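Colleague: Could you walk me through the packing in this one? I'd like to start with a single side chain and work outwards.

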Amino acid sequence: PSRVLSLFTPSGRPTLGNLLGALLPSARLLPTADCVFGISDLHALTSEHDPARLRERSLELAGLAIAAGIDPARCVLFLQSNVPAHAELSYLLESTAHYGEMQRMIQFREKSERQSAVRLSLLTYPALMAADILLYQATDVPVGADQAQHVELTRDLAARFNRRYGPVFTLPRAVHPPMAARVMDLSDPGAKMSKSVDSPGTIFLLDPVDVVRRKIMRAVTDSGTSVAYDSEAKPGVSNLLAILSATTGTPVAELSPGSYGALKKETADAVIALLEPLQRHYATLSADPATLETVLRTGAERARERAASTVTAAKEAMGLLAA
Ligand code: TYM
């Protein structure tokens, strides 16, 4: 059976892009795969952050993941920082990776350009992400398109390690949802919808539904009037069609809103129908943080057990002596 792993970073407020690109596709794998999911709080330290806000956001994201269907009774769900093996294997992989290949990562180049004091952990981020994946011998990694390069690098590092030190790691592959691998900003369909950019075109999962409707009704469309999927010529309309398709599970070819106005209305209705029950479920979970904390503690225990044998094997293969 496939072994699935994905993590979500609590560095901003989660968006519709996170939901359609990763959370829902992850939840859909629960019945057929052995699944490990986590909140990558260590990754949230790679850019300027506020400790109090990080605590809140880690719990919020865990609650939202569960509300999106990532049921902790059917998978391992944990906070990355509660499992020391992640940082430990990350260091071993840093000693496998090259400075140049880290520097070439698109996300590093984009993020480091926007900052004056770039944290060193932003550069080494992909080694930690590779550790997340390789620790659990994951075969499939459900992620949005923006993470594809990091998963490719993970494969390269795993293959290099296995060649040099012996077969310790499983080579993983990224799996992307068919329509929502890259949900674009509603007000700027040339840019990815991002939790780190404050834009009127970003739908946050906890936005009140009237705000969601307003944001979708004000989405930028394209010149012309025909509703057709063509991401080059009609990026705005295509983004709405992709969201509508991913939200309703209907192939784009079977969607036929007659006008831009009808497309926006159908999309708003569909997104709200998806978010309303999610927000209700989240409200009950967040009303009882103690239970959520217990769930995460249990998840961390199970993750620590599973991660142990891979770190031990990697250390031994690299020539480190057992304690
Ligand atoms: P993060 O927290 O930025 O995003 C979480 C997931 O959401 C996807 N995503 C999107 N998908 C479609 N359209 C969008 N606009 C969009 N924005 C975000 C991301 O691709 C991701 O799947 N480094 C990762 C977290 C991570 C991880 C891992 C993932 C850490 N370790 C190991 C997989 C395996 C990140 O920061 O994702």
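Colleague: Which residues does Phe-37 touch, beyond those up to four places away in sequence?

Modeller: This is a predicted model, where local features need pLDDT of at least 70, side-chain atom pairs count only at pLDDT 80 or more, and totals for chains, interfaces and linings use all residues. Numbering runs from 1 along each chain as its sequence is written, and side-chain values use heavy atoms, with hydrogens and water left out. Taking contact as heavy atoms within 4.5 Å, Phe-37 touches Val-4, Ser-6, Leu-7, Phe-8, Ser-26, Leu-30, Ile-70, Cys-75, Val-76, Leu-77, Phe-78 and Pro-142.

Colleague: Which helix gives the most to the largest nonpolar core?

Modeller: That core (buried Ala, Val, Leu, Ile, Met, Phe, Trp, Tyr and Cys joined through side-chain atoms within 4.5 Å; buried is under 20% relative accessible area with a 1.4 Å probe, protein chains only) has 52 residues. Helices here are DSSP runs of H or I, at least four residues, numbered from the N terminus. With 10 residues, the top contributor is H10 (residues 260-286).

Colleague: And why does this core lie between two domains?

Modeller: Bounds come from an automatic or database domain assignment. The core lies between the two because both give residues to it: domain 1 (3-180 + 289-318) and domain 2 (184-285).

Colleague: How many residues of H1 are buried?

Modeller: H1 spans residues 16-28, and its buried residues include Leu-19 and Pro-25. They pack against H10 and helix H9 (235-248), among others. H1 is mostly covered, the buried count being 11 of its 13 residues.

Notes:
Buried < 20%, exposed > 50% of the residue type's maximum accessible area, 1.4 Å probe, protein only. Helix = DSSP H or I, 4+ residues; strand = E, 2+ residues; numbered from the N terminus. Bend = angle between axes of the 7 residues up to and from the residue.
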